[in-house]
Amino acid sequence: MNKEQVKLKALLSTLSIEFKSYEHEPLPTCTDAQRLGLKRSGVQIKNLFLRDNRGKQHILCLTRAQLKVNLKALSSQQKLSRLGLASPERLDKYLGVKPGCVSALSLVNDINNSVELWLDSGLLNELEWQCHPLENDKTWVIQQYDLYTFWRHTGHSPKVVDIPCL
């Protein structure tokens, strides 16, 4: 476990948040995890770090792994100019992680609360969520209600969105 993961684990412990931990080879995408056929509890999450066309708004959008998000429709729905995937440089600047490592837990690094959190409404029925702990060689499975405790601590208020898909 690296230094950042140790600090994250200590924070979760302070917040009385327990999790199940799974170690595996690095998984940069949801498809990689499916290809390996890993058996983990909880719902697999697709984590999209988005920015608007002008680069002024940054959004962490969490949805179910099997969905293909229609970014054009999502932009229109949310009245934002052309949402797109943020660059690796923005990902590092705002969430302090590399591509393929972003998850709901990455918000611990957004100390200026510059990133909005959007949750796909379809996730609300899922009790356990799979999250990378700042690196993609582990998965921590955390109860949904505990994630809300974590987000309150980090100052993030999730916005529930009906994510349009292709």
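**Warm-up**

Asp 120 is buried, with a relative accessible area of just 1% (buried means under 20%, exposed over 50%, partly exposed in between, using a 1.4 Å probe and protein chains only). Before going on, note that this is a predicted model, where local features need pLDDT of at least 70, side-chain atom pairs count only at pLDDT 80 or more, and totals for chains, interfaces and linings use all residues. Residues are numbered from 1 along each chain as its sequence is written, and side-chain values use heavy atoms, with hydrogens and water left out.

**Exercise 1.** Find out which residue forms a salt bridge with Asp 120.

Step 1: Get the rule straight: a side-chain nitrogen of Lys or Arg has to lie within 4 Å of a carboxyl oxygen of Asp or Glu.

Step 2: Look for the partner, and you land on Arg 64, with the closest N and O atoms 2.9 Å apart.

Step 3: Place the two: Asp 120 sits in strand 5 (residues 115–120) and Arg 64 in strand 3 (residues 58–64), so to speak distant parts of the chain, 56 residues apart. Strands here are DSSP runs of E, at least two residues long, and helices are runs of H or I, at least four, numbered from the N terminus.

Step 4: Check the partner's surroundings: Arg 64 is partly exposed, at 23%.

**Exercise 2.** Work out the order of the strands in the open sheet.

Step 1: The 3 strands line up as 1-7-6, with antiparallel pairing (two strands pair if DSSP finds at least two bridges between them).

Step 2: Strand 1 (20–23) and strand 6 (128–131) are at the edges with a single partner strand each, so one side of each has no neighbour in the sheet.

Step 3: From one strand to the next, the twist averages 20 degrees.

Step 4: Strand 6 and strand 7 (residues 138–143) are joined over 4 bridges, and Glu 128 has Gln 143 in strand 7 as its bridge partner.

**Exercise 3.** Which residue forms a salt bridge with Glu 128?

Step 1: Go to Lys 20, whose closest N and O atoms with Glu 128 are 2.8 Å apart.

Step 2: Lys 20 belongs to strand 1 and Glu 128 to strand 6, 108 residues apart.

Step 3: Compare accessibility: Lys 20 is partly exposed at 37%, whereas Glu 128 is buried at 18%.

**Exercise 4.** How many salt bridges does the rule give?

Step 1: The count comes to 4.

Step 2: One of them joins Lys 138 and Asp 137, at 3.7 Å between the closest N and O atoms.

Step 3: Lys 138 is buried at 8%, while Asp 137 is partly exposed at 29%.

Notes. Axes fitted to C-alpha atoms, helices over the stretch in contact; angles between N-to-C directions.
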